[in-house]
Amino acid sequence: MAGAEKDDRTEAPSAQRLQNARDEGQVAISRELQSLTAVGCALLAMMMTAPHQTTRFVVAMRHLIAGVGSVDVSAGGSAIVREVLMLGIGLAGPPVLAAAIGVAGITLLQTGFLLRPAGLMPQFNRISPAKGLKKIVGGDNAVETLKAIAKLLAFVLALRHVLEGLWPVFLSSTAWDAGTLADRTASLVVHAMLMLLAVQAAITVLDVGWVRYRHMSGLRMSRQELRDEHKESDGDPHVKGRIRQIRRQRAKRRMMDSVKTATVVITNPTHYAIALVYENGGKGAPKIVAKGVDELAARIRAVAQDNKVPLVANPPLARALYTVPLDQEIPREHFQVVAGIIAYVWRLQRPPPGPPPIR
């Protein structure tokens with residue numbers, strides 16, 4: 001069942017799935033890229049500080065070895081040991097510090113500066129011997145094992161190549177003075193680290209691609225999961241369609257209520273119907289309160305007739321006003337024509353002149 005479910009996940013992960021995984025601390029991190037950065041930063045720091053620190057360390061060690069038999073441990077021996085330790089820290093400290101800073105920086109870059117303190121808290125529910133055994137014998141662990149073996153073989157071959165060229169140099173090192181020994185030792189270490197750095201760079205290129213592929217493959221989704229996510233994020237399409245339908249119905253009812261109090265309805269006379277409202281003495285221009293075509297236009301005309309709202313046929317004006325949004329005043333170019341129609345309507349609504357009152 002698990003294999004079948006995994007086979008169904010053929011779709012690329014959505015943006016929401018990637019964001020959820022990131023929020024949970026699941027990001028693609030290449031350990032080999034971290035190792036490459038550590039070696040590179042350590043090598044750079046070593047090249048900047050090693051010449052001076054190595055010379056001081058070798059000189060101190062020679063003095064210590066030369067006088068090892070005459071040193072009074074109870075009196076000054078501890079001071080010499082502390083001095084040698086401080087020189088050793090001065091020699092190894094900059095590369096170690098540079099490597100630590102480089103690893104922290106490259107990790108932040110890989111995670112997009114993701115800081116998740118909750119990930120540092122222990123989660124005892126994840127402690128499961130069964131899951132641990134599955135990880136040991138799982139496919140991912142097998143790949144990691146093969147990667148480790150290949151990496152070890154590559155490093156062994158690289159170091160063998162370096163040592164084969166350096167063995168004659170080691171044989172003649174007994175005749176060197178302290179400065180020469182320090183310089184040669186530093187150059188040998190740098191040469192070896194450059195070789196390891198080149199091997200690590202080749203491994204890193206392959207590992208970055210593999211880690212990203214495995215990360216994206218683990219987050220792949222089935223089509224059903226995509227549909228479910230779409231429903232959760234945007235809502236059920238059927239429900240949204242029903243809501244839109246209800247809103248349209250309410251808008252139509254409000255529009256039909258506006259027709260009852262309209263000043264005039266401009267018609268095509270059968271295809272278009274535009275209801276205008278204008279108050280005598282008002283500051284603004286006539287406003288469109290309802291409009292429609294075909295069936296909706298027939299309903300507007302019927303409501304207007306039931307409420308004794310005048311209908312005026314003017315096809316060009318009706319088509320032009322139909323393009324104006326609802327609840328908007330008519331454009332200036334139609335002022336004169338609409339003003340004439342409204343004046344005509346008002347004349348029709350005046351009571352006819354009757355006989356003079358009888359006294």
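# A tour from Val27 to the nonpolar cores

Start by selecting Val27, which sits in the loop joining helix H2 (15–23) to helix H3 (31–66). The model on screen is predicted. Show the surroundings of Val27: leaving out residues up to four places away in sequence, Val27 touches Arg22, Thr111, Leu114 and His215. Next, add Val211 and draw a C-alpha to C-alpha distance from Val27; the two are 9.6 Å apart in space and 184 residues apart in sequence.

Move on to helix H6 (residues 139–171) and pick out Leu146. Is Leu146 buried or exposed? With a relative accessible area of 58%, Leu146 counts as exposed, because the cut-off for that term is over 50%. Add Ile149 and Leu153 to the selection: together with Leu146 they make a nonpolar surface patch of about 310 Å².

Now go to the interior. The largest nonpolar core consists of 16 residues, and Val264, Ile266 and Leu276 have the most contacts inside it. To see where this core comes from, colour strand E1 (264–267), strand E2 (272–277), helix H11 (315–322) and helix H12 (335–349), each of which supplies at least two of its residues. H12 gives the most to this core, namely four residues.

Centre the view on Leu276. Neighbours within four places in sequence aside, Leu276 is in contact with Ala262, Thr263, Val264, Ile266, Lys287, Ile288, Leu321, Ile330 and Val338. Last, select Met255, Ala273, Ala275 and Val309; these are among the 15 residues of another core, which lies apart from the one around Leu276.

Terms used: Residues numbered from 1 in each chain as written. Predicted model: local features only at pLDDT ≥ 70, side-chain atom pairs only at ≥ 80, totals over all residues. Heavy atoms only, no water. Core = buried A, V, L, I, M, F, W, Y, C linked by side-chain atoms within 4.5 Å. Buried < 20%, exposed > 50% of the residue type's maximum accessible area, 1.4 Å probe, protein only. Contact = heavy atoms within 4.5 Å. Patch = residues over 30% accessible without salt bridge, like charges linked within 9 Å, V, L, I, M, F, W, Y side chains within 5 Å. Areas by Shrake-Rupley, 256 points an atom, 1.4 Å probe, with all protein chains shown as cover. Salt bridge = Lys/Arg side-chain N within 4 Å of Asp/Glu carboxyl O.
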